[in-house]
There are 2 protein chains.
Amino acid sequence: MIDKLIEKIQKTGAPIVVGLDPTMKFVPDHIKKAAFAEKGETLEGAAEAVWLYNKGIIDKTYDLIPAVKPQIAMYEQFGIPGLVAFQKTVDYCKEKGLVVIGDIKRGDIGSTSAAYATAHLGKVQVGNNLCAGFDEDFVTVNPYLGSDGVQPFIDVCREEKKGIFILVKTSNPSSGEFQDRQVCTGASAGSAGEETGGIDFEKMPLYEIVGGKVAEWSSQLMGENGYSYIGAVVGATYPEQGRVLRKVMPKSFILVPGYGAQGGTGKDLIHFFDENRLGAIVNSSRGIIAAYQNEKYSKFGAYNYADASRQAVIDMITDIDQAFASVGK
Amino acid sequence: MIDKLIEKIQKTGAPIVVGLDPTMKFVPDHIKKAAFAEKGETLEGAAEAVWLYNKGIIDKTYDLIPAVKPQIAMYEQFGIPGLVAFQKTVDYCKEKGLVVIGDIKRGDIGSTSAAYATAHLGKVQVGNNLCAGFDEDFVTVNPYLGSDGVQPFIDVCREEKKGIFILVKTSNPSSGEFQDRQVCTGASAGSAGEETGGIDFEKMPLYEIVGGKVAEWSSQLMGENGYSYIGAVVGATYPEQGRVLRKVMPKSFILVPGYGAQGGTGKDLIHFFDENRLGAIVNSSRGIIAAYQNEKYSKFGAYNYADASRQAVIDMITDIDQAFASVGK
């Protein structure tokens, strides 16, 4: 699947992914009206509105982009009907030839992580049948529980030729609270609470330790184009840390959130890419799907919201292109 | 909800929670046969089997226990039908008066965490209506993304009088990989990569830092019985770390996984409790729900699997009681 993703990036010339993270505030009134008329002001009505809204955006952007990243929380908030809309969105994007990255940030201990991996990437045995659940192409994974929480995802990736992106350094303001903590490494770090006295002492931020593990995991499962099925999430909002992590994880594709609405710009991204403009894929959610609510695209109006999204995709590609050009990549 | 949990623990005399984590391997053949006959060897068939299996266990144990903890991954692996079975299980347990802890281990950045909190503890605005999604009483939360990933859960807890348990030290073998890392604290920890030379230097494992944050979050939202709506997860399999964490988070109820099948015993648990036998709730999943597959309870047979579960609950309560008695608690 990493090879398909790379192929699609090269074909579209667009190392970007559209985050399908719908909220009721983004959905234009005419769509809400139609959905509520059919299904009421209920979870079912909200889910129908979300699905119609997504379909509009997908239909107007699928030829420009390699991938989408639906954020499952935005669907889960509408309960079962919301998750049905998630499933319809995943299926429809795959029909349109898009690579689907399920932004699920799951992670648990061994057998439970295996169940999540099965749910989203694999197949479960029911009697004599193998049945697929949500069946995305990639998912995001939270590493806080360590290797035995991550390995079941890698095992399913190997079997299904799918991939994951592991959270290393997230794009949010408080990501540093734990991820940036300086961890003691080297000989003197073994015993808790002891003072180091005069001993030379090395330290390294936690995200770099996690990045080191991702590099190990990545080497377990390489694709054909020099990148692994096992990638990482590193926020655009922390370019300095991103530069370090790019070197720590040379074979890991990096999924980069935080572009646009969260503050990241094209020039914050360049260091994530190799000389072939590969190695990273940049996500924008709000900036694309709610473009019509942005003054810059207000001429489109709510009725043509999906045309605004298309224009925002074109502008994002141009912004990244210009950033590449400015450094001769 | 923490007060309801405490009241139910006192009433049953059982500081335990039954983990409803069904897999196809646990479900007795007669139940699978009936479910598959009705719905086929499909996700729907599997979900029906899981639901019937759960219902049997709930009916035979609900009078003995204060709470259940369905692990959503085990349902999610069966896609939408599996999540429908999760919802039915949550609803049925609440009907039976049980406190429901959704073991979902969600966690994301601000607005996305808010969506998860809404999905599982709160209500979402749809037109003029407020609609509840999964509507558990408590959920588990992953803290890797820091405060702005956790705060939205706390906000919803305040509004809905519900609670969360934040992962601090998990029960799995590799939990130490990141959670036990020694973090540099104190004056000299500020600048990355620098050697400390002769400076005195303090360090603390990451789980203790996370525990410290949990203590801060806990103090934001106290119940009436001296414990907070904001609790923590600390595995029974690491008693030494548990002892430290109990002191670091004096107001946080601790959800303790790892008893039974994962290796924890009654005596590993005592230090989690205060002198009133409060402050912690111990989970057992496999050891209860698949008791009939354990040699000790094999006399019950697969057909009476739920009676085996009832006996296993009684034995677990006795084990913990004896451990309390042995230290005069």
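Copies of a chain are superposed here by least squares on the C-alpha atoms of residues with pLDDT of at least 70 in both. The model is predicted, so local features need pLDDT of at least 70 and side-chain atom pairs count only at pLDDT 80 or more, while totals for chains, interfaces and linings use all residues. Residues are numbered from 1 along each chain as its sequence is written, chains are lettered from A and ligands numbered from 1 in the order in which they are written, and side-chain values use heavy atoms, with hydrogens and water left out.

**Exercise 1. Work out which turn and shift lay chain B on chain A.**

Step 1. Turn chain B by 180 degrees and shift it 0.0 Å along the axis; the RMSD to chain A is then 0.0 Å.

Step 2. Name the relation: this is what a two-fold axis does.

Step 3. Check the surfaces. Of the contact residues of chain B, 100% recur in chain A, so the same surface serves both copies.

**Exercise 2. Describe how much of chain B and chain A meets.**

Step 1. Count the residues in contact (heavy atoms within 4.5 Å). You get 86 residues of chain B against 86 residues of chain A.

Step 2. Look at the buried area, meaning the accessible area (1.4 Å probe) that two parts lose on being put together, summed over both. It's about 7000 Å² for chain B and chain A, with 59% on carbon and sulfur atoms.

Step 3. Pick out the big givers in chain B: B:Y144, B:F178 and B:K203 lose the most area to chain A, and together they make up 13% of what that side buries.

**Exercise 3. Find the salt bridges that link the two chains.**

Step 1. Apply the rule: a side-chain nitrogen of Lys or Arg within 4 Å of a carboxyl oxygen of Asp or Glu. Four turn up across the interface of chain B and chain A, and over all chains the count is 34.

Step 2. Try B:E76 and A:R106, whose closest N and O atoms are 3.0 Å apart.

Step 3. Now take A:K105 and B:D108, at 2.9 Å from N to O. A:K105 sits in strand 3 (residues 99-106) of chain A and B:D108 in the loop between strand 3 (99-106) and helix 6 of chain B, so this pair joins two chains.

Step 4. Note how elements are numbered: helices (H or I, at least four residues) and strands (E, at least two) are DSSP runs, counted from the N terminus.

**Exercise 4. Trace the barrel in chain A.**

Step 1. Follow the strands in the order 1-2-3-6-7-10-11-12: eight strands close the barrel, with parallel pairing. Two strands pair if DSSP finds at least two bridges between them.

Step 2. Zoom in on strand 6 (residues 138-141) and strand 7 (residues 163-169) of chain A, which pair in the parallel sense over four bridges. There, A:V141 stands opposite A:I166 in strand 7.
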